[in-house]
Amino acid sequence: MTQDQWGSIRNELHQTMGANSFQSWIEPLIYVGTDGGIARFNVPTNFLGNYVSQNYGDMLLSKITRMNPSVRRIVFDTVTVSQDAPAQRKEAADATGAPLAVPQVHTKSSAKPDSLNGSPLDKRFTFDTFVVGKPNELAHAAARRVAEGGPVTFNPLFLYGGVGLGKTHLMHAIAWELRTRHPHLNVLNLSAEQFMYRFVQALRDRKMMDFKELFRSVDVLMVDDVQFIAGKDSTQEEFFHTFNALVDQHKQIIISADRAPDEIKDLENRIRSRLQSGLVVDLHPTDYELRLGILQSKSEMYSRMYPGLEVERGILEFLAARIVSNVRILEGALTRLFAFASLVGKPISMDLTQECLTDILRVSERKVSIEEIQRKVADHYLIRHSDLVGPKRVRTFARPRQIAMYLCKQLTTRSLPEIGRHFGGRDHTTVMHGVRRIEELRKQDAQIAEDVELLRRSLEA
Ligand code: ADP
Ligand code: MG
């Protein structure tokens, strides 16, 4: 996001928030810049950072991502000028009654990495609020296991998946759970960027011994978005040593990344193989059922926030079918829908939904067509399009045909009869049978599961 873009968001907020709130909460934010999908703001006190993040965080993020879709997160850095930051910090935490919610950035005079505050834990990111479906059940189960805090069985746990599929949510959920079950454990959750930042800071201030000591004293280390250390050689090196030291002490490590270890470029091989040495699980792109589940759970939450406003199941189904994107977009759509309806004082109808979400729905609409799916599947299995949709029932054609039907059901909003028509005029029951067959086979046959995933990813790319 450019300073200009931030300027126009500020102007907009000035109009909509009212002068008082604007002056108290938005004016003091100093936009620093965006890097690696993170928009950074400097704030004068922890309290302010805390408050803004809790009360305006979502709203700011949605405005920013509308300007600049590459932004995925906002971070508020407290820039303290005084030496007695710890005291202030305590005050801030007391004042809000909440755990510290912004990472501390000291000015040079107090740059010693004196504590191990990691990323703030998001209150909403718990296991209770995490909706489990086929695409994330494995990752969820693994996270649950690690969160029990028993003997370390797989180390590290490596979670990966595309943007907005719940990696950070799961990491925070693990941290929350460990905090309650094992309050004595020293759990550190931070992003790879923060790790790098601290490392560079320690180098600069010649505090490497402290740095090493601190990191080696944690019981559970979680590093989010580890792909960011790729290419940063000395950080990688240090990470590797930290990693090994903790594994040797049987301390649990949990890592997330936006792709599998072997797909992260510019990563040293010894680190790559270390990362693969535990349990590697991925969060798959959402499917219709999961999207519907998430929409249901979030809309119940919103209904409590906006008394009197509810979304009918039919509308949720419509959204689950039409917004085939990540969970963050799905959430954004609901947030907007409720805010819009409450603003105009109308119930959430289909018309209102379509009006309010035109842009999101339009983007989803041109996502994938049946023709595209058929072409990709035929190419993938090296068969002709005419055989894919033709009458022949041999396995070499029938299986790809069923996979194509399955993908049409998953990725488009076409009805079963419509899909049937595109497959040589087949009946909707045939399509349904095909879809079910692939659903079963995905569980039993790793090759099919992989093919489907590969095709889906390339279609959604
Ligand atoms: P990632 O770290 O993978 O980019 P996040 O964990 O930040 O994604 O998730 C993006 C948003 O979607 C968060 O608000 C999170 O709570 C929500 N989310 C993702 N997956 C789920 C899920 N299965 N159930 C409920 N909310 C989810
Ligand atoms: Mg994340």
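Trainee: How much area do domain 3 and domain 4 bury between them?

Mentor: In this predicted model, domain 3 and domain 4 bury about 390 Å² between them, and 44% of that area is on carbon and sulfur atoms.

Trainee: Which three residues of domain 3 supply the most of that buried area against domain 4?

Mentor: Tyr 288, Ala 321 and Val 324 do; they supply 66% of the area that domain 3 buries against domain 4, more than any other three residues.

Trainee: And which elements give two or more residues to that side of domain 3?

Mentor: Two helices are involved: α11, residues 288-305, and α12, residues 313-322, each give two or more residues to the side of domain 3 that touches domain 4.

Trainee: How many residues are in contact across it?

Mentor: Five residues of domain 3 are in contact with four residues of domain 4. The centres of these two domains, taken over C-alpha atoms, are separated by 29 Å.

Trainee: What is the count of salt bridges between domain 3 and domain 4?

Mentor: The count is zero. For polar contacts, the rule likewise finds zero residue pairs across the interface, where both residues must be at pLDDT 80 or more.

Trainee: Stepping back, what are the bounds of the domains?

Mentor: The domain assignment gives domain 1 as 3-107, domain 2 as 127-282, domain 3 as 288-363 and domain 4 as 370-460.

Trainee: Ile 370 is where domain 4 begins. Which helix is Ile 370 in?

Mentor: Ile 370 is placed in helix α16, which spans residues 370-380.

Trainee: Is Ile 370 buried or exposed?

Mentor: Ile 370 counts as buried because its relative accessible area is 1%, and the cut-off for buried is under 20%.

Trainee: What does Ile 370 touch, leaving out residues up to four places away in sequence?

Mentor: Its contacts are Cys 408, Thr 412, Arg 414, Ile 419, His 422 and Phe 423. In addition, the C-alpha atoms of Ile 370 and Thr 413 are separated by 9.9 Å, although these residues are 43 residues apart along the chain.

Trainee: New topic: where does UniProt place the "binding site" feature?

Mentor: The UniProt entry, which is unreviewed, places that feature at Gly 164, Gly 166, Lys 167 and Thr 168. The unreviewed entry also carries the annotation "domain: AAA+ ATPase", covering residues 153-283.

Trainee: What is the helix and strand content over residues 153-283?

Mentor: Over that stretch the chain is 46% helix and 20% strand, and the end C-alpha atoms are 20 Å apart.

Trainee: Back to the annotated positions. Where does Gly 166 lie?

Mentor: Gly 166 lies in the loop between β5, residues 157-161, and α6, residues 167-181. Gly 166 is buried, as its relative accessible area is 18%. Leaving aside neighbours within four places in sequence, Gly 166 is in contact with Phe 130 and Leu 283.

Trainee: And Lys 167, buried or exposed?

Mentor: Lys 167, which lies in helix α6, is buried, with a relative accessible area of 7%.

Trainee: Which residues does Lys 167 touch, not counting those up to four places away in sequence?

Mentor: Lys 167 touches Leu 159, Tyr 160, Gly 161, Gly 162, Asp 225, Ser 256, Ala 257, Asp 258 and Leu 283. A polar atom of the Lys 167 side chain lies 2.9 Å from the backbone oxygen of Gly 162.

Trainee: Staying with helix α6, which side chains there meet in a salt bridge?

Mentor: Glu 177 and Arg 181 meet in a salt bridge, at 3.0 Å from N to O. Both lie in helix α6, four residues apart, about one turn of the helix. Glu 177 is partly exposed at 22% relative accessibility, and Arg 181 is partly exposed at 46%.

Trainee: How many salt bridges does a search of the whole structure find?

Mentor: The search finds 22. One of them joins Arg 204 and Asp 205, with the closest N and O atoms 3.3 Å apart. Here Arg 204 is partly exposed at 45% relative accessibility, whereas Asp 205 is buried at 18%.

Trainee: What is the N to O distance for Glu 268 and Arg 270?

Mentor: Their side chains meet in a salt bridge at 2.6 Å. Glu 268 is partly exposed at 25% relative accessibility, and so is Arg 270 at 33%. Elsewhere, salt bridges that share partners join Asp 58, Asp 122 and Arg 124 into one network.

Conventions
Residues numbered from 1 in each chain as written. Chains lettered and ligands numbered in written order. Predicted model: local features only at pLDDT ≥ 70, side-chain atom pairs only at ≥ 80, totals over all residues. Heavy atoms only, no water. UniProt positions renumbered as here; feature names shortened; annotations may be inferred. Buried < 20%, exposed > 50% of the residue type's maximum accessible area, 1.4 Å probe, protein only. Contact = heavy atoms within 4.5 Å. Polar contact = N/O pair within 3.5 Å; in protein donor to acceptor, adjacent residues only side chain to side chain. Domains from an automatic or database assignment. Buried area = accessible area lost by both parts, 1.4 Å probe. Salt bridge = Lys/Arg side-chain N within 4 Å of Asp/Glu carboxyl O.
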